[in-house]
Amino acid sequence: QLSVHHLHYESGLKPWEYDNDSLVTLCDRCHNILHKDLVKLSGIIAFKALVGKIDLIVLDDGRMDKNT
């Protein structure tokens, strides 16, 4: 069976209101693996942000300038 994975989420949008460019079709197994990996990755990023090893401003939309 296939699943649709959203590459990003926007407040106020329903799942079916996203552009097709924001969606990826995966088999259920790969979709589950992807979500498990994303949970691990978000935990690593959160930990590094807490200990000051990563600047979340740099990660935000790929912007390097904190004033934009």
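**Exercise 1. Work out whether Tyr 18 is buried or exposed.**

Step 1: Look up the accessibility. Tyr 18 has a relative accessibility of 8%. Keep in mind that this is a predicted model.

Step 2: Compare with the cut-off. Buried means under 20%, so Tyr 18 counts as buried.

**Exercise 2. Find the aromatic pair and name its geometry.**

Step 1: Count. The search for ring pairs comes to one.

Step 2: Check the distance. The partners are Tyr 9 and Tyr 18, with ring centres 6.4 Å apart; the limit is 6.5 Å.

Step 3: Check the angle. The two ring planes stand at 90°, and anything over 60 degrees is edge-to-face, so that's what this pair is.

Step 4: Look at the partner's surroundings. Tyr 9 has 59% relative accessibility, so it counts as exposed, while Tyr 18 is buried.

**Exercise 3. Decide why Cys 27 and Cys 30 don't form a disulfide.**

Step 1: Recall the idea. A disulfide is a covalent bond between the sulfur atoms of two cysteines.

Step 2: Take the distance. The sulfur of Cys 27 is 3.3 Å from that of Cys 30, its closest cysteine sulfur.

Step 3: Compare. The sulfurs would have to be within 2.5 Å, so 3.3 Å is too far for a bond. Across the whole structure, the search finds zero disulfides.

Step 4: Add the exposure. Cys 27, at 32%, is partly exposed, and so is Cys 30, at 34%.

**Exercise 4. Locate Leu 41 and say which surface patch it helps make.**

Step 1: Leu 41 sits in helix α1, residues 28–50.

Step 2: With 44% relative accessibility, Leu 41 is partly exposed.

Step 3: Together with Leu 38 and Ile 44, Leu 41 makes a nonpolar surface patch of about 250 Å².

Conventions: Residues are numbered from 1 along each chain as its sequence is written. This is a predicted model: local features need pLDDT of at least 70, side-chain atom pairs count only at pLDDT 80 or more; totals for chains, interfaces and linings use all residues. Side-chain values use heavy atoms; hydrogens and water are left out. Buried means under 20% relative accessible area, exposed over 50%, partly exposed in between (1.4 Å probe, protein chains only). Patches are made of residues with over 30% relative accessible area and no salt bridge: like charges are joined within 9 Å, nonpolar side chains (Val, Leu, Ile, Met, Phe, Trp, Tyr) within 5 Å. Accessible areas come from the Shrake-Rupley method with a 1.4 Å probe; for residues, only the protein chains shown count as cover. A salt bridge is a side-chain nitrogen of Lys or Arg within 4 Å of a carboxyl oxygen of Asp or Glu. Helices (H or I, at least four residues) and strands (E, at least two) are DSSP runs, numbered from the N terminus. Rings of Phe, Tyr and Trp (its six-membered ring) pair if their centres lie within 6.5 Å; planes under 30 degrees apart count as stacked, over 60 as edge-to-face and the rest as tilted.
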